[in-house]
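Hi everyone, thanks for making room for me today. I'd like to walk you through a structure that will be new to most of you, so let's put it up on the screen.

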Amino acid sequence: MSDPDLDLTLLRLLGPTEPEIGCDECFEQLDRYVDAELAGAAAHALMPGLRAHLAGCPACAEEHESLRALLELGAHG
Amino acid sequence: MTAAATRRGGPRKLDAASQEWLDGLRGAGPAREKAAGRLHALLLGAARFEIARRRQALSYLGSGELDELARDAADDAAVSVLRRLDDFRGESRFTTWAYKFALLEASVKVRRRAWRDREVTLEPETWSQFEHPAPGPDWNAERAAVLAAIQEGIRTALTPHQRRVLVALALNGVPIDVLAERLGTTRGALYKTLHDARRKLRAHLQEHGLTEDW
């Protein structure tokens, strides 16, 4: 296991250090969070705990990336 | 209005496009049918987008099967959106809010399909990749101590259920939706178990005097 792999494994095992929300709350707030991100607003300050959750939950992180990408495609495509 | 919507306070003024979506979907007759058709097309586009992004996980499926998966995801997302219409309060654009249902349905379907014929191992003894990591350039004594303490913590500080969930999700790479389906639970409940297990592991490390700057 290389060090980058080990770092990732430690993150997956120990999770984020910041306080985080759960998956259900993440889903509830995700649209507002991404719209705020794309508008250049302080999404993290508006919705504390969501960023940490995305660091700790690969499934929610994928859906965050996809929603962002889809909206960016709509804006620029 | 649902309890979730009520908790978030009073009504907020919607942008014109979002209001038009709500008016159409809450209407009746041909106008409502037209709005529902537009919604399904919007959700299908999002589901296809997500499945195209994740298609490597389903490389053995043909384009027809992938599109069927997208249609199933769009159908399920449309049901969710229409059922939860009163939860939308204009905190984002309506289309952003609707998209997230399609992306969730599509991503869950991709993960479950990709793992449909794969065994999910729940035995903690399968963590061999983690037991003997090769030292790299940043290797140091504290890291070795952290790894040893984590291994001990997994064995001694967690309940059997927490151990199974942590090892499956964090070490064996089982997607959370797949594990939730196999265990008959939800993503949210499993993540709570994972969160509790992680908190116990961190506490175990602190009890051993290990800091978090490894």
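I'll go from the contact of the two chains to one helix, then to one residue, and finish with a pair of helices. Keep in mind throughout that this is a predicted model.

Let's start where chain A meets chain B. How many residues does each chain put into the contact? Chain A brings 27 residues and chain B brings 36. On the chain A side, the elements giving two or more residues are helix 1 (3-14), helix 2 (23-38) and helix 5 (58-76). And which of them gives the largest share? That's helix 2 of chain A, with eight residues. If you sort the chain A side by character, you get 13 nonpolar residues, six polar and eight charged.

So, on to helix 2 of chain A. It's 16 residues long, and from first C-alpha to last it covers 21 Å, close to the 22 Å you'd expect at 1.5 Å a residue. Still, helix 2 of chain A has a kink in it, about 50 degrees, centred on Gln29(A). Gln29(A) is also one of the buried residues of this helix. Others on that buried list include Cys23(A), Cys26(A), Leu30(A) and Tyr33(A), and also Asp31(A), Val34(A) and Asp35(A). Hold on to those last three for a second. Just past the end of helix 2 of chain A, Gly40(A) has a positive phi of about 80 degrees.

Now hop across to chain B and find Thr96(B), which sits in helix 5 (residues 94-114) of that chain. What does Thr96(B) touch, leaving aside residues up to four places away in sequence? Here are our three again: Asp31(A), Val34(A) and Asp35(A), plus Leu71(A). Is Thr96(B) buried or exposed? It has 21 C-beta neighbours inside 10 Å, and 20 or more is the cut-off, so Thr96(B) counts as buried. Within its own chain, the C-alpha of Thr96(B) is 9.9 Å from that of Ser18(B), although 78 residues separate them along the chain.

Last stop, still in chain B: helix 8 (residues 160-171) and helix 10 (residues 187-207). Their axes come within 9 Å and cross at roughly 100 degrees, so the two helices are roughly perpendicular. Helix 8 of chain B makes this contact with residues including His161(B), Val165(B) and Leu169(B), and helix 10 of chain B with residues including Leu190(B), Leu194(B) and Asp196(B). By character, the residues of this contact are six nonpolar, three polar and one charged.

That's my tour, thanks for listening!

Note on methods
Residues numbered from 1 in each chain as written. Chains lettered and ligands numbered in written order. Predicted model: local features only at pLDDT ≥ 70, side-chain atom pairs only at ≥ 80, totals over all residues. Axes fitted to C-alpha atoms, helices over the stretch in contact; angles between N-to-C directions. Helix = DSSP H or I, 4+ residues; strand = E, 2+ residues; numbered from the N terminus. Parallel < 35°, antiparallel > 145°, perpendicular 65-115°, else oblique. Contact = placed C-beta atoms within 7 Å. Nonpolar A, V, L, I, M, F, W, Y, C, P; charged D, E, K, R; others polar. Buried ≥ 20, exposed ≤ 12 C-beta atoms within 10 Å, placed from the backbone. Expected span 1.5 Å × (residues − 1). Bend = angle between axes of the 7 residues up to and from the residue.
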